[in-house]
Amino acid sequence: MKATSLLTLTLISLATALPSPSLLTPRAASISTANGTRFTIDGETAYFAGTNSYWIGFLTNNKDVDTVLDHISQSGLKILRVWGFNDVKSTPGSGAVWFQQLSASGSTINTGANGLQRLDYVVRSAEKRGVKLIINFVNYWDDYGGIAAYVAAFGGTKEGWYTNAKAQAQYRKYVAAVVGRYVDSPAVFAWELANEPRCKGCSTDVIYKWATDTSAYIRSLDAKHMITLGDEGFGVPGASSYPYGTSEGVDFVKNLGVKDLDFGVFHMYPGSCEYTLSLVR
């Protein structure tokens, strides 16, 4: 039941709530699914703890990747959200990791040793340790290129990116390249359309339609893995302060109705946004 499935990844320590790693029974790997308000991972239906590591795919030493995933697995964390993008406007110097160079005259998807092969290793390492990955395709923010890199290459604005035909065509090429590499991997928990997509001052229909069309496209490439939007949760009913509104062009509840999205995500920043105590609980 997609509309009630919700995933929140946190950096808060959960050591007291999790069994000792030595007590965790290995399970046969399978494709993860949503199951009501819980998820089923490798045959187990439960609430699972997870965290973020935007940088793990940018590490150049395989031992460092293994060490990170060893620590995550041994801590009892099951889900890891990673950046599946690293967009640049010009090709960086030798040795720098980059996944896609965007240009109006012809973009390049880097499948080399300093490109998507770094993400390949993360996926393989996660498979060995039973860690499940949420892989994201683009950043709303400017870090690691983001929508701003597309705007620099194809023109327009960040708000117009969702309907910019040239930008969306290249975005889909990149999505297809990444999905195609891991379409059969049980390490993929879900594909995430974007990190914190916003469209300030826009109708919520803009992101809703983009999410509808893009998730349907991903579903045509991969009928098995879950898909999620990646928004922050704007538009939740319950109060009138900023995070409950839709001024950023996002309607959390409305987006949960998108047919090909399997669950919702919620990014909570208590220090910078005004949430009611009931929502925090």
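Guide: Two strands count as paired when DSSP finds at least two bridges between them. The model here is predicted, and in it Lys-132 of β10 is the bridge partner of Ile-79.

Visitor: How do you know that β6 and β10 pair?

Guide: Five bridges join β6 and β10, and the definition asks for at least two, so the two strands pair. They run in the parallel sense.

Visitor: What makes β10 and β11 a pair?

Guide: The bridge count is again the test. β11 covers residues 188-192, and four bridges join this strand to β10. At least two are needed, so β10 and β11 pair as well. These strands also run parallel, and Trp-191 in β11 is the bridge partner of Ile-135.

Visitor: Why is β10 described as mostly covered?

Guide: Buried means under 20% relative accessible area, and five of the five residues of β10 are buried, so the description fits. Lys-132, Ile-134 and Asn-136 point one way from the strand, while Leu-133 and Ile-135 point the other way. Residues on both of these sides are buried.

Visitor: Which residues of α2 are buried?

Guide: In α2 the buried residues are Leu-116, Arg-118, Leu-119, Asp-120, Tyr-121, Val-122, Val-123, Ser-125 and Ala-126. The buried residues of this helix pack against α1, β6, β9, β10 and α4.

Visitor: How do you know that the length of α2 agrees with what a helix should span?

Guide: Helix α2 has 14 residues, 116-129, and at 1.5 Å a residue it should span 20 Å. The C-alpha atoms at its ends are 20 Å apart, so the two values agree. After α2 comes Gly-130, with a positive phi near 75°.

Visitor: What makes β7 and β9 edge strands?

Guide: The sheet they belong to is open and has three strands in the order β7-β8-β9, with mixed pairing. β7 and β9 each pair on one side only, and they are its edge strands.

Visitor: How do you know that β7 pairs with β8?

Guide: Two bridges join them, in the parallel sense. The definition asks for at least two, so two bridges are enough. Val-88 stands opposite Gln-101 in β8.

Visitor: Why is Tyr-144 called partly exposed?

Guide: Its relative accessible area is 32%. Buried means under 20% and exposed means over 50%, so a residue at 32% is partly exposed. Tyr-144 lies in the loop between β10 and α3.

Visitor: What makes Tyr-144 open enough to belong to a surface patch?

Guide: Patch residues need over 30% relative accessible area, and Tyr-144 has 32%, so it passes that cut-off. With Tyr-54 and Trp-55, Tyr-144 makes a nonpolar surface patch of about 290 Å².

Visitor: Why is Asn-35 also put in the partly exposed class?

Guide: Asn-35, in strand β2, has a relative accessible area of 40%. That value lies between the 20% and 50% limits, so Asn-35 is partly exposed.

Visitor: Which residues does Asn-35 touch, leaving aside those up to four places away in sequence?

Guide: Asn-35 touches Thr-40 and Thr-45. Thr-45 is ten residues from Asn-35 in sequence, and their C-alpha atoms are 7.3 Å apart.

Visitor: How many helices and strands does the whole protein have?

Guide: There are seven helices and 13 strands. The protein has 281 residues, and 50% of them count as buried.

Note on methods. Residues numbered from 1 in each chain as written. Predicted model: local features only at pLDDT ≥ 70, side-chain atom pairs only at ≥ 80, totals over all residues. Heavy atoms only, no water. Patch = residues over 30% accessible without salt bridge, like charges linked within 9 Å, V, L, I, M, F, W, Y side chains within 5 Å. Areas by Shrake-Rupley, 256 points an atom, 1.4 Å probe, with all protein chains shown as cover. Salt bridge = Lys/Arg side-chain N within 4 Å of Asp/Glu carboxyl O. Buried < 20%, exposed > 50% of the residue type's maximum accessible area, 1.4 Å probe, protein only. Expected span 1.5 Å × (residues − 1). Contact = heavy atoms within 4.5 Å.
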